Amino acid sequence: MVFAAEMLDICKKNKSDSQQPTEQLEQTSQNNYSGTVQEEQTAEVDVNVFKWPHEAILLLIEEYRKTADNFCSGKISQKKIWQSIGDELLKKSYNVTGPQCQSKFNIFLIFICELMLLTVISQYICDL
């Protein structure tokens with residue numbers, strides 16, 4: 001939870017530092033996420049798809065942080081690590097699987113990286 005809060009604070013700080021966001025950056029952002037939004041809207045129609053509440057996402061991030069060393073060590077397969085993360089969320093009554101956790105976390109990382117990249121580009125353009 002602390003990790004997510006820190007990332008949010010960094011993004012807010014970076015956003016407040018750049019006073020003039022450009023239309024081009026906004027269009028780029030919208031183009032990058034239009035496919036993801038359409039996929040999410042389609043997924044919400046399906047009753048069997050898990051809708052991630054905020055608390056479940058924070059728990060996912062916390063469980064990832066607890067097991068982050070295992071991803072780098074190579075002693076345990078990533079599939080087993082994600083399955084154990086899914087099992088931990090299941091214990092907290094969130095009905096998700098390991099692959100669902102991996103997919104959600106990867107989407108989260110992509111979003112954060114693109115957001116940070118757009119922030120840096122925006123600051124660079126504003127400094128010109």
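1. A good place to start is Thr 67, which is buried, with a relative accessible area of 14%. Bear in mind as you read that the model is predicted. Thr 67 is part of helix 3, and once residues up to four places away in sequence are set aside, Thr 67 touches Ile 81 and Ile 85.

2. Stepping back to the whole chain, the secondary structure consists of five helices and zero strands. Read from the N terminus, the order of elements is α-α-α-α-α. Of the 128 residues, 24% count as buried. The protein exposes about 9,300 Å², and carbon and sulfur atoms supply 55% of that area. If you are curious about contact range, take the contacts with a separation of 6 or more: residues 24 or more positions apart account for 66% of them.

3. Back to helix 3, and its pairing with helix 4. Two packed helices are described by the angle between their axes and the distance between the axes. For helix 3 and helix 4 (residues 78-91), the axes come within 10 Å and cross at roughly 145°, and the crossing is right-handed. On the helix 3 side, the contact is made by Ala 56, Leu 59, Leu 60, Glu 63, Tyr 64, Thr 67, Asn 70 and Phe 71. Helix 4 brings Gln 78, Ile 81, Trp 82, Ile 85, Glu 88 and Leu 89. Sorted by class, this contact holds nine nonpolar, three polar and two charged residues.

4. One of the helix 3 residues in that contact, Glu 63, deserves a look of its own. Is Glu 63 buried or exposed? Its relative accessibility is 7%, so Glu 63 counts as buried, the cut-off being under 20%. Glu 63 sits in helix 3, which covers residues 54-73. Leaving aside neighbours within four places in sequence, Glu 63 is in contact with Ile 85, Glu 88 and Leu 89. You may want to look at the Glu 63 and Glu 88 pair on screen, as these two residues are in contact.

5. Asn 70 also lies in helix 3. Here the relative accessibility is 28%, so Asn 70 counts as partly exposed. Beyond its neighbours within four places in sequence, Asn 70 is in contact with Ile 76 and Ile 81. Asn 70 and Ile 81 are 11 residues apart in sequence, and their C-alpha atoms are 7.5 Å apart in space. Ile 81 is also touched by Thr 67.

6. How does helix 3 meet helix 5? The axes of helix 3 and helix 5 (residues 98-127) come within 11 Å and cross at roughly 95°, which means that helix 3 is roughly perpendicular to helix 5. In this contact, Ile 57, Leu 60, Ile 61 and Tyr 64 of helix 3 meet Cys 101, Lys 104, Phe 105 and Phe 108 of helix 5. The residues divide into seven nonpolar, no polar and one charged. Leu 60 and Tyr 64 take part here, and both are also listed in the contact with helix 4.

7. A last point concerns backbone geometry. Which residue has a positive phi although it is not a glycine? That is Ser 93, with a phi of about 70°. Ser 93 lies in the loop between helix 4 and helix 5. With a relative accessibility of 64%, Ser 93 counts as exposed.

Technical notes. Residues numbered from 1 in each chain as written. Predicted model: local features only at pLDDT ≥ 70, side-chain atom pairs only at ≥ 80, totals over all residues. Heavy atoms only, no water. Helix = DSSP H or I, 4+ residues; strand = E, 2+ residues; numbered from the N terminus. Buried < 20%, exposed > 50% of the residue type's maximum accessible area, 1.4 Å probe, protein only. Contact = heavy atoms within 4.5 Å. Areas by Shrake-Rupley, 256 points an atom, 1.4 Å probe, with all protein chains shown as cover. Axes fitted to C-alpha atoms, helices over the stretch in contact; angles between N-to-C directions. Left-handed = near helix turned anticlockwise from the far one by under 90°. Nonpolar A, V, L, I, M, F, W, Y, C, P; charged D, E, K, R; others polar. Parallel < 35°, antiparallel > 145°, perpendicular 65-115°, else oblique.
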